[in-house]
Amino acid sequence: MKKIFLSLFIIFSSFSVRAKPIELVFWHGMAGHLGDEVRLLADDFNQSQSEYFIKPVYKGNYVETLTSFAAAFRAHHPPAIVQIFEVGTAIMESPKGVIKPVDELMQEQGMSLPKEDFIPSVREFYSQDGQLMALPFNLSVATLYYNLDILAKVGYSQANFPRTWADMEVLAKKLKKAGYDCTYTTAYPGWVLFESFLAIHGLPLTQGNPVRAVYATPQLVSHFERLKRWHSLHYFKYAGRVDDATILFTSGVCPLFSQSSGAYNSLSALVPFHLGIASMPLDTAVSQVRHANVAGGAALWAVAGQSKAHYKGIAQFFAFIAKPETQKRWHGHTGYLPIGLQGIYADILQSSSHPALLMASTDLSGELHEKPLQRFGPQNQIRGINDEVLEAMFAGLLNPKEALQESQIRTDHVLLRFGRNTRGH
């Protein structure tokens with residue numbers, strides 16, 4: 001009898017050891033409701049199989065997550081997977097040996113992702129020499145939101161909402177005449193007023209080798225002069241970096257507000273008025289053609305130096321995320337865009353009534369200008385520089401041309417230093 005119990009004990013003990021899933025730590029920068037959705041996504045994967053357990057860990061905002069990851073990697077204690085915002089892409093790829101390219105990861109596991117059905121401009125942004133480096137995760141575009149109730153008072157609706165900067169100025173004059181001291185404000189000015197403007201007008205960010213910024217152009221100077229003039233006329237109100245301007249829109253002070261398309265769900269649940277949504281306006285004096293917008297959000301990176309068993313689990317998790325049913329649920333619950341809108345993802349676009357998806361699908365599928373959504377250097381630092389010069393311009397410390405010259409000089413310095421640090425020259 002003792003031998004039987006001993007045998008059973010050994011069998012159950014070995015079974016419990018084998019059954020314990022391999023833990024894969026996943027660092028992310030999504031708080032609140034979005035953090036809950038990340039946890040639910042991990043739970044769904046964990047319940048779909050028994051070999052791996054994804055453990056999501058919130059590490060603060062995007063900048064804090066990137067900073068924490070850099071410190072953990074140097075200390076040789078990084079997570080298995082990390083979410084990094086789009087302006088951290090070049091940093092993750094330089095120097096070599098920080099991440100394992102997603103294409104390489106999937107090929108080693110005999111798996112594949114439906115890359116051909118991903119949004120082309122997004123796929124290109126996260127690829128290097130045709131190789132997908134990271135898995136696009138939460139995608140958004142700079143979007144113009146508007147207060148339909150206020151606009152109705154001056155004769156505007158979704159049908160005749162302005163599509164150009166010139167038409168927006170006509171609306172601004174009417175709103176000012178109606179007693180509004182602010183027409184328009186924005187979150188993330190460096191992204192919306194700088195990067196997105198360049199993208200949709202097909203203007204280059206950089207040129208040459210070594211890479212140098214292309215900022216002090218007549219087109220961008222004209223755009224900054226308009227912003228400065230709007231600010232002096234109280235058509236535009238600067239409210240700070242990041243999303244500080246949100247309260248000006250939700251309280252009804254400024255009827256127009258640009259922010260991430262991923263903010264639609266939270267804004268619609270928060271505002272006491274009817275919410276409108278549109279693409280960022282086009283300056284037809286700069287371009288008659290609308291080019292693909294720059295995608296915001298973040299991607300998931302597989303960290304270098306892990307075991308084969310860990311990589312097998314990461315590959316399975318990435319394949320799970322890329323499934324159409326997972327993307328449909330993620331989009332519906334968060335408001336972020338699915339990673340694809342064609343092929344196996346076509347049903348998401350066809351069946352969705354989400355205003356942000358219908359708008360952004362057109363915005364991201366515009367004509368591609370050379371290599372779309374250019375990546376260069378530490379874009380998180382460069383965006384910070386652009387935020388600073390915009391703030392100085394609105395404060396009257398710099399004129400538009402001086403602001404762009406200042407940004408170009410400082411950006412070139414950052415690019416030069418980044419090149420030396422990552423390429424050894």
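**Exercise 1. Locate Tyr188 and describe its backbone.**

Solution. Step 1: Tyr188 sits in the loop between β8 (184-186) and α9 (189-200). Step 2: its phi is near 45 degrees, which is a positive value in a residue other than glycine. The model used in these exercises is predicted.

**Exercise 2. Find which residues a cis peptide bond joins, and where the proline lies.**

Solution. Step 1: the cis bond is between Asn209 and Pro210, with omega about 10 degrees. Step 2: Pro210 belongs to the loop between β9 (206-207) and β10 (212-213).

**Exercise 3. Describe how domain 1 and domain 2 meet.**

Solution. Step 1: set the bounds. Domain 1 covers 22-139 + 296-363, and domain 2 covers 142-294 + 373-422. Step 2: take the C-alpha centres of the two domains, which are 27 Å apart. Step 3: count the residues in contact, which are 26 in domain 1 and 27 in domain 2. Step 4: state the area. The size of an interface is often given as the accessible area lost when the parts come together. Between domain 1 and domain 2 about 2,100 Å² is buried, and carbon and sulfur atoms give 56% of this. Step 5: ask which residues of domain 1 contribute. Val87, Met359 and Asp363 supply 30% of the area that domain 1 buries against domain 2, more than any other three residues.

**Exercise 4. List the polar links across the interface of domain 1 and domain 2.**

Solution. Step 1: side chains of opposite charge can pair when their charged atoms come close. Step 2: the rule finds 2 salt bridges across this interface. Step 3: check the pair Asp363 and Arg290. Their side chains form a salt bridge with an N to O distance of 2.9 Å, and the cut-off is 4 Å. Step 4: polar contact across the interface is found for 6 residue pairs. Step 5: name the elements on the side of domain 1 that touches domain 2. At least two residues each come from α4 (89-93), α6 (120-125), β5 (127-128), α14 (324-334) and α16 (355-364).

**Exercise 5. Explain what the salt bridge of Asp103 and Lys115 ties together.**

Solution. Step 1: the whole structure has 15 salt bridges. Step 2: in the one between Asp103 and Lys115, the closest N and O atoms are 2.7 Å apart. Step 3: Asp103 is in helix α5 (residues 102-108) and Lys115 is in the loop between α5 and α6, so the pair ties together parts 12 residues apart in sequence.

**Exercise 6. Survey the aromatic rings and the charges over them.**

Solution. Step 1: there are 23 aromatic pairs in the structure. Step 2: ring pairs join Phe26, Phe45, Phe137, Phe317, Phe320, Trp330 and Tyr336 into a cluster. Step 3: look for lysines over ring faces. Lys59 lies over the face of Trp27, at 4.3 Å from the ring centre. Lys100 lies over the face of Tyr311, at 4.9 Å from the ring centre.

Notes. Residues numbered from 1 in each chain as written. Predicted model: local features only at pLDDT ≥ 70, side-chain atom pairs only at ≥ 80, totals over all residues. Heavy atoms only, no water. Phe/Tyr/Trp six-rings, centres within 6.5 Å; stacked < 30°, edge-to-face > 60°. Lys NZ or Arg CZ within 6 Å of the ring centre and 35° of its normal. Domains from an automatic or database assignment. Contact = heavy atoms within 4.5 Å. Buried area = accessible area lost by both parts, 1.4 Å probe. Polar contact = N/O pair within 3.5 Å; in protein donor to acceptor, adjacent residues only side chain to side chain. Helix = DSSP H or I, 4+ residues; strand = E, 2+ residues; numbered from the N terminus.
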